[in-house]
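Reader: I am new to this structure and would like to know how its descriptions are reached. Could you take me through them one at a time?

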Amino acid sequence: MEPQEPMQDMHSELFADSPETVDGVSTANVHPTRPQLDPASTPRPCLPFFEKSNVLVIGPTGSGKTLLAKTLARILDVPFSVSDATSFTQAGYVGEDVEMAIERLLQAANWDPLRASMGIVYIDEVDKIAKKSAGGLEGSRDVGGEGVQQALLRMMEGSIVTVQAKGDTAVELPTIGGGPASPRKGQQRPYMPAKSDTYRIDTSNVLFILSGAFVGIEAIIKQRVSKGSIGFTATLPMPEEGTSVPFFTPNRKTAKNVLDLVEIPGMFIPEFISRLPSITTLAPLTIPDLRRILTEVKGSLISQYQALFGYSGVEIRFTSAALVEICRKAAERGGGARGLRGIMEALLLEPMYEVPGSDIRHVLITAAVVRGEASPGYWGKGAGVAFWEAWAQEEGKTLRTAT
């Protein structure tokens, strides 16, 4: 194509020749076209500045508070650090400063300040930093309670935290004269620690998740939401042992906001609790929940013990009634999901001692074994059919009982 052809094509699109020609010159009609705007060049509306909302999780021990935060960090692919509030003290006193939580976050981010500034800090046992009751010496400072709350204020809202990362390598001092001088006997060559690096972490986008069991809060909430009245036909709630319901209580509608129930006078300062806009509670695990944790989750206890016995060439099975009995005992003992391992260790103590080095190849755990009414069933090599028949018989009993 010649250079003039593109110009001719453009001219033919913009101008149309009329049939009338005068002296070889044709009249032209201009066709205006709409300007095509580039979508990328159009100005977009200014988005508002999004701020974080720190979270306070209230739940009994073993209900999955830490696992919930770890799973959230793994899904979002952000650094995650866990700290214990019981070790925090006010700056200048024996104990850990609150900046240690940011230092652990920086270590989890492989010392990347930008990645650490978008991580999650999880502080457990936050109910242990409550304000101490007025007692002891007058004017004594509460360095482990209110002092820690004051130190966490600016960090939770957003501030620049300076972290000193000490180098773990040593730098050898130069010797006098330039050459490698051999030290005298009984003397060592002096070493100087490496220069520490300073990192500045902006906590404006760091999500703080605080959790605690808040043992005894049920009684306080019950007293705050309980309604009473006076009169001959009034029905007052029966007080539990060791507790008393106030006789004259306001007979108005109670607030449904959880913050009103958590903001206990004398426990947290208002500035601290106001920086936790999202407050959620976790219910205790039920028996069906414990059974799912015991059998269905990745790396469950049942799969662990089956693999442990499988290393010795032994097959171990649990009946459905045995699993329900294990979960029932764990719920009665308390401790949530952590109580399952203790029950499993006590239950399988005898099989783990008897099986290795013996001719046992099959182990059956029934509900009677869990209750302590019978011993585990053992079958030797070549008795697999009898083992499966015994397991099927126990399962049939469970189905007939359920129907």
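Reader: What is the bridge partner of I360 in β14?

Author: In this predicted model, the residue of β14 that forms a bridge with I360 is G380. That bridge belongs to a wider pairing, since β13 and β14 are joined in the antiparallel sense over four bridges.

Reader: How do you know that four bridges are enough to say that β13 and β14 pair?

Author: Two strands are taken to pair when at least two bridges are found between them. β13 and β14 have four bridges, so the condition of at least two is met.

Reader: What makes β12 and β14 the edge strands of their sheet?

Author: The sheet is open and has three strands in the order β12-β13-β14, with mixed pairing. β12 and β14 each pair on one side only, and that places them at the edges. Neighbouring strands here are turned by 15° against each other on average, direction ignored.

Reader: Which elements help to cover the buried residues of α15?

Author: The cover includes the strands β12 (315–318), β13 (360–365) and β14 (377–380), together with the helix α11 (320–333). The buried residues of α15 are G384, F387, A390, E395 and G396.

Reader: How do you know that the length of α15 agrees with what is expected of its 19 residues?

Author: Helix α15 covers residues 384–402, and at 1.5 Å a residue its 19 residues should span 27 Å. The C-alpha atoms at its ends are 27 Å apart, so the two values agree.

Reader: Why are the buried residues of α12 said to lie on the same side of the helix?

Author: In α12 (residues 338–347), the buried residues are G339, L340, I343, M344 and L347. They cover an arc of only 135° around the axis, and therefore they are on the same side of α12. The face turned away from that buried side carries R338 and A346, which are exposed.

Reader: What is the order of the strands in the five-stranded sheet?

Author: It is an open sheet with parallel pairing, and its strands follow the order β4-β5-β10-β3-β11. β4 (80–84) and β11 (278–281) have a single partner strand each, so one side of each is left without a neighbour in the sheet. From one strand to the next, the twist averages 20°. Helix α3 packs on this sheet, where it touches β4, β5 and β10, and its direction makes about 150° with that of β4.

Reader: Over how many bridges do β3 and β11 pair?

Author: They pair over four bridges, in the parallel sense. One bridge can be named from its residues, as V55 has S278 of β11 for its partner.

Reader: Which residues touch the most other members of the largest nonpolar core?

Author: The core has 38 residues, and those with the most contacts to other members are L56, L152, F208, L210 and F272. The elements that give two or more residues to this core include β3 (55–58), α5 (146–157) and β10 (207–212), and α5 supplies the largest share, five residues. Leaving aside residues up to four places away in sequence, F208 touches K52, N54, V55, I102, V121, I123, M155, M156 and T203. Another core, of 25 residues, lies apart from the largest one and has L294, A322, L348 and I365 among its members.

Reader: Which residues of β6 form its covered face, and which its uncovered one?

Author: V161, V163 and A165 form the covered face, while I160, T162 and Q164 form the uncovered one. β6 is joined to β9 by six bridges, and the two strands run antiparallel. In that pairing A165 stands opposite D197.

Reader: Why does W111 count as partly exposed?

Author: Its relative accessibility is 32%, whereas buried would require a value under 20% and exposed one over 50%, so a value in between is called partly exposed. W111 is in the loop between α3 and α4 (113–116).

Reader: What makes the phi of W111 worth a remark?

Author: Most residues other than glycine have a negative phi. W111 is not a glycine, yet its phi is positive, at about 60°. E125 is likewise not a glycine and has a positive phi of about 55°. The place of E125 is in the loop between β5 and α5, and with a relative accessible area of 27% it is partly exposed.

Technical notes. Residues numbered from 1 in each chain as written. Predicted model: local features only at pLDDT ≥ 70, side-chain atom pairs only at ≥ 80, totals over all residues. Heavy atoms only, no water. Core = buried A, V, L, I, M, F, W, Y, C linked by side-chain atoms within 4.5 Å. Buried < 20%, exposed > 50% of the residue type's maximum accessible area, 1.4 Å probe, protein only. Contact = heavy atoms within 4.5 Å. Arc of directions from axis to C-beta. Axes fitted to C-alpha atoms, helices over the stretch in contact; angles between N-to-C directions. Expected span 1.5 Å × (residues − 1).
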